[in-house]
Amino acid sequence: MGATDNLYHPFFFLCLSTVLLAYPLVKALVKHLRGGRVESLPSPPTLPVIGHLHLIGKVLPKSFQALAQKYGPLMRIQLGFSTCVVASSEAVAKEIFKAQDLNFSSRPEFGSSEHFIYRGSRFVTAQYGDYWRFMKKLSMTRLLSVPQLRLFADVIDDEKVRLVNSVAGRAAQGSLCDLSRALTTMTNNTICRMVMSTRCSGTDADADEIEGLVKTCLQLAGRLSVGDILGPFKFLDFSGTGKKLVGALTKYDRLVERIIKEHEEKALKNETGARMDVLDILLETYNDPNAELQLSKKDIKSFLLDIFFAGTDTTSAAMQWAMGELMNNPTALHKLRHEIDTVVGSSRLVMDSDVPNLPYLRAVIRETLRLHPSAPLIIRECAEDCTVDGHLVKSKTRVLVNVYAVMRDPESWTNPDEFAPERFMEESEEKIGEHQMEFKGQNFRYLPFGSGRRGCPGASLAMVMMHAAVGALVQCFDWRSKDGEKLDLSPGPGFAAEIGQPLECYPVTRIRPF
Ligand code: HEM
């Protein structure tokens with residue numbers, strides 16, 4: 001054998017092993033390219049492997065909106081190895097959320113699911129079935145019900161006062177206020193206190209730690225869901241994101257385990273008190289031998305995590321958008337302030353019981369959620385093959401309803417990109433629907449909280465918190481931007497289209513009603 005033979009052997013084995021290793025991947029790739037689940041749907045021309053990734057800009061719902069203008073209200077999109085169907089009009093949303101609600105009442109699993117230590121106990125991503133039905137009923141009738149909100153009204157009031165005090169502190173110093181941070185603290189504290197009677201921000205280490213862990217888990221889960229795009233290449237998770245997620249979840253698990261023990265000890269000593277928080281109610285259900293479904297501790301911990309995931313950043317983001325839009329629209333800001341001054345005056349802080357008498361405040365919040373829905377892409381999975389908008393949609397298809405596009409559709413809205421709270425007022429020329437202020441998904445052109453069985457169970461709580469925070473901040477302060485210019489309100493990158501820059505501004509105290 002010559003020198004070339006020596007070279008030939010390793011080269012041959014390298015080629016052979018490459019072919020053998022690559023074969024299953026190439027096969028999966030070909031199957032994917034050939035076998036899209038919804039071939040009969042309109043779709044942009046596809047590139048090998050990346051699909052339509054090259055057509056996607058930094059803000060996902062915005063990119064889908066632009067594609068829908070070209071390919072219609074129901075289209076197939078392929079992001080790497082992940083295929084989905086995107087719905088973008090009022091009519092198609094109505095078909096999915098109303099006519100075929102049951103068939104679209106599940107959610108698909110994501111790339112992060114396999115690393116979730118609570119897999120099988122998740123509520124937000126649960127398949128439609130007994131467990132989801134039981135938890136949804138419990139959420140609507142007890143955990144997040146309106147009577148439960150009333151029971152905790154003093155908590156919401158107290159957090160509102162703390163928010164005003166913290167901003168007033170900045171105003172007194174003449175220093176810059178990170179309103180994004182202040183609003184996130186308020187929502188975290190309110191939800192932590194309603195859920196497990198602890199609060200964040202310095203005074204309670206547990207709640208602070210929960211806030212940090214929830215944030216880490218959300219970021220890691222988001223990164224892993226991007227891994228869905230990699231399909232069979234998912235194993236190339238060089239950064240060990242999955243392991244990090246398991247680590248953060250394990251820490252959360254230990255912490256919540258201890259908080260559960262403390263709640264149980266209190267219950268044993270009859271120290272729970274007259275009002276039960278969400279965890280008390282879950283533990284009561286856990287101990288109820290006659291409950292329709294037997295909950296496990298894993299179910300409880302997972303549900304609490306889902307409430308933090310689904311409720312905190314969404315509500316805080318909406319408040320930030322509302323304040324940003326008001327600061328950039330002085331006419332709307334002054335109109336709102338005039339309404340509050342007239343109805344409430346300056347000797348006390350705006351309260352929840354004032355809200356029915358503050359139609360413009362309600363309109364401002366609704367308009368904010370129209371332009372900036374915190375969950376712009378509502379994710380569902382179809383259970384059985386069906387026809388939507390005349391197209392075949394196969395079972396197990398992921399469907400994203402782009403409510404960002406629906407709520408900015410020029411067919412349904414006048415000047416859809418403009419912040420105009422007036423459109424929600426009763427006297428408005430623009431008739432939103434049968435009920436001008438409806439927000440829970442009866443009106444299919446206005447869907448900030450989704451619709452149908454799977455609609456958001458925290459909508460009422462979110463609305464109460466938003467009215468409280470925005471009402472109080474407008475009543476008590478004037479606002480100046482950092483540089484005297486309008487604020488940059490472009491959305492940040494990703495799935496949620498959150499406000500891109502933290503809302504930093506100078507507050508000037510107008511009134512201090514306590
Ligand atoms: C402005 C704030 C919020 C917005 C815009 C929002 C929006 C949404 C949307 C669009 C969905 C999906 C609905 C669907 O599939 O039809 C959802 C689901 C959910 N939301 Fe909210 N949400 C907010 C606040 C909250 C709060 C405060 C909580 C609880 C404390 C909460 C808990 C949940 C839960 C548990 C689900 C899953 C429901 C299920 O899968 O059955 N959300 N939310």
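1. In this predicted model, the largest nonpolar core is made up of 89 residues, and the residues with the most contacts inside it are Ala322, Met466, Ala469 and Val470. Helix H11 gives the most to this core, contributing 14 residues, and H11 itself spans residues 297-328.

2. Met466, which is among the residues with the most contacts inside that core, is a useful place to begin when looking at the model. Once its neighbours within four places in sequence are left aside, Met466 is in contact with Thr315, Ala318, Met319, Ala322 and Ile365.

3. There is also a second core of 40 residues, separate from the one described above, and Ala93, Phe97, Ala375 and Val403 are included in it.

4. Helix H11 also holds Phe303, a residue that is buried because 23 other C-beta atoms lie within 10 Å, where 20 or more are needed for a residue to be called buried. Not counting residues up to four places away in sequence, Phe303 touches Phe123, Met135 and Leu282. Phe303 and Ser121 are 182 residues apart in sequence, yet in space they are 7.7 Å apart, taken from C-alpha to C-alpha.

5. Turning to the ligand, there are 27 residues around it, of which Ala310, Gly311, Gly450, Cys456 and Gly458 come nearest. The elements that give two or more residues to this shell are H11 and helix H15, the latter covering residues 459-476, and the largest share, seven residues, comes from H11. Sorted by class, the shell consists of 16 nonpolar, eight polar and three charged residues.

6. Three strands form an open sheet in the order E3-E9-E8, and their pairing is antiparallel. Strand E3 (177-178) and strand E8 (477-481) each have a single partner strand and stand at the edges, so one side of each is left without a neighbour in the sheet. Helix H6, which comprises residues 153-173, packs on this sheet and touches E3, E8 and E9, while its direction makes about 85° with that of E9.

7. The pairing between E3 and E9 can be followed in further detail: two bridges join E3 to strand E9, which consists of residues 504-509, and the two strands run antiparallel. Within this pairing, Cys177 stands opposite Cys505 in E9.

Note on methods
Residues are numbered from 1 along each chain as its sequence is written. This is a predicted model: local features need pLDDT of at least 70, side-chain atom pairs count only at pLDDT 80 or more; totals for chains, interfaces and linings use all residues. Two strands pair if DSSP finds at least two bridges between them. Helices (H or I, at least four residues) and strands (E, at least two) are DSSP runs, numbered from the N terminus. Two residues are in contact if their C-beta atoms, placed from the backbone, lie within 7 Å. Axes are lines fitted to C-alpha atoms, for helices over the stretch in contact, and angles run from 0 to 180 degrees between N-to-C directions. A residue is buried if 20 or more other C-beta atoms lie within 10 Å of its own, exposed if 12 or fewer, and partly exposed in between; C-beta atoms are placed from the backbone. A nonpolar core is a set of buried Ala, Val, Leu, Ile, Met, Phe, Trp, Tyr and Cys residues joined through C-beta atoms within 7 Å. A residue is near a molecule or strand if its C-beta atom, placed from the backbone, lies within 6 Å of it. Ala, Val, Leu, Ile, Met, Phe, Trp, Tyr, Cys and Pro count as nonpolar, Asp, Glu, Lys and Arg as charged, and the others, Gly among them, as polar.
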